[in-house]
Amino acid sequence: MTFIYPSSESRQQRQWVLNAIAMLEQEEQSASATPLRKLSLPSLPGITLYLKDESTHPSGSLKHRLARSLLLYGLCNGHILPGTPLVEASSGSTAVSVAFFARQLQLPFTAVMTRSTAAAKIQAIQDLGGHCHLVEHAHQVYDVAQQIADQQNSYYLDQFTNAERATNWRGNNLPEEIFQQLNDLGEPHPDYLVMSAGTGGTATTMGRYLRYHGMTTQLCVADPENSVFYDSYISGNRNLTALYSSRIEGIGRPKVEPSFISGVIDRMVKVTDVNSIGAMKTLSDLLGSKVGASTGTNFYACLLLAKDMIDTGQKGVIVSVICDHGNRYLDSYYSQKWVLEYFPEAETVHQLLNEKFMN
Ligand SMILES: *Cc1c(COP(=O)(O)O)cnc(C)c1O
């Protein structure tokens, strides 16, 4: 008697999937750890800041890790097969990173983003062979990406849903790399990890990692204007929506994303956009290299925590993330004209922070 089992993939398809997974794993294993940069500011006595520089990934941001995880998730779930077109909704960084890997896997890729996305990101996606589909508002990207996926029979990576589940939170991840580097520096117990939220996935991975490994380090999440994460954290209401798109690229969402998990967060701070952009500029001056605006949000939150620690007589260590490089924003946050038009007070914040910290 012969049994015939139905088969969803042919042998060649399965071999392609195995090769694709091996390629992604190989790319991860051959990558060196991103640098952990130390900042000791004389105006913050007893406080040491460390910044994990995720701008040094080949695709330019912390989304390099996420794109790899989302693709592995789709491959291991049997959703991505040879030639499967990929679609993603993004504020830009994820799309650049997905385009980077899609090209290596020879898969067509469409990025759905708002029209306001930095021109340099759009260019980077196109240079990597991706297609950009631009919409007006941040809240439209989800439905449009889903529609394109349905029409073209493509796979929607859906970072906002899948970031938390596609990312390994127990280890082999961003927080593990940070703690290995801190350990080597003799600083195994930082007081705070500070992170802003786009999908919320990075913060969620950090918070879960801290608990799983029995650490007392607190997770502080920073939220920009036009984002509902902070209000949702305070009220417990996950149905809040915002009318406008965040002006800090990469972070702040008009709805509470499934990958944003309040329970793993110890505290949240709201940072105004003017403070984010001012802090971005001061941090760039301190580091001697440009960082993106979400890194400014992170840095401003670090300064608030540092002040709080100093005011209550504590010393300690605060760790945050350089999410991407400022070169992507030369015609926005780093254009004098643009800043004067949209955030004129940011230059005042920049000057005040420079007077305090550039000494
Ligand atoms: C995505 C992103 C973040 C936030 O990371 P999440 O893990 O999505 O919350 C911060 N900054 C930049 C530039 C990003 O692209």
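E54 and R65 are both buried, where buried denotes under 20% relative accessible area, exposed over 50% and partly exposed the range in between (1.4 Å probe, protein chains only). These two residues form a salt bridge whose closest N and O atoms are 2.6 Å apart; the term stands for a side-chain nitrogen of Lys or Arg within 4 Å of a carboxyl oxygen of Asp or Glu. The pair links distant parts of the chain, with E54 in the loop between β2 and α2 (63-76) and R65 in helix α2, 11 residues apart. Helices (H or I, at least four residues) and strands (E, at least two) are DSSP runs, numbered from the N terminus. E54 and R65 also belong to a network of salt bridges that includes K52 and E177.

The model is predicted, so local features need pLDDT of at least 70 and side-chain atom pairs count only at pLDDT 80 or more, while totals for chains, interfaces and linings use all residues. Residues are numbered from 1 along each chain as its sequence is written, and side-chain values use heavy atoms, with hydrogens and water left out.

Across the whole structure, the search finds 16 salt bridges. As general background, side chains of opposite charge can pair when their charged atoms come close. One of these bridges joins D53 and R37, with 3.5 Å between the closest N and O atoms. D53 lies in strand β2 (residues 47-53) and R37 in strand β1 (residues 36-39), so this pair ties together parts that are 16 residues apart in sequence. The two partners can also be described by their accessibility: D53 is buried, at a relative accessible area of 5%, whereas R37 is partly exposed, at 26%.

A further salt bridge is formed by K255 and E257, again with its closest N and O atoms 3.5 Å apart. Here K255 is partly exposed, with a relative accessible area of 31%, while E257 counts as buried at 0% relative accessibility.

Turning to the cysteines, the structure holds 0 disulfides, a disulfide being a pair of cysteine sulfur atoms within 2.5 Å. For C220, which is in no disulfide, the nearest cysteine sulfur is that of C302, 8.1 Å away. C220 is buried, and its relative accessible area is 0%. C323 is likewise in no disulfide, and its nearest cysteine sulfur, belonging to C302, is 11 Å away. At 4% relative accessibility, C323 also counts as buried.
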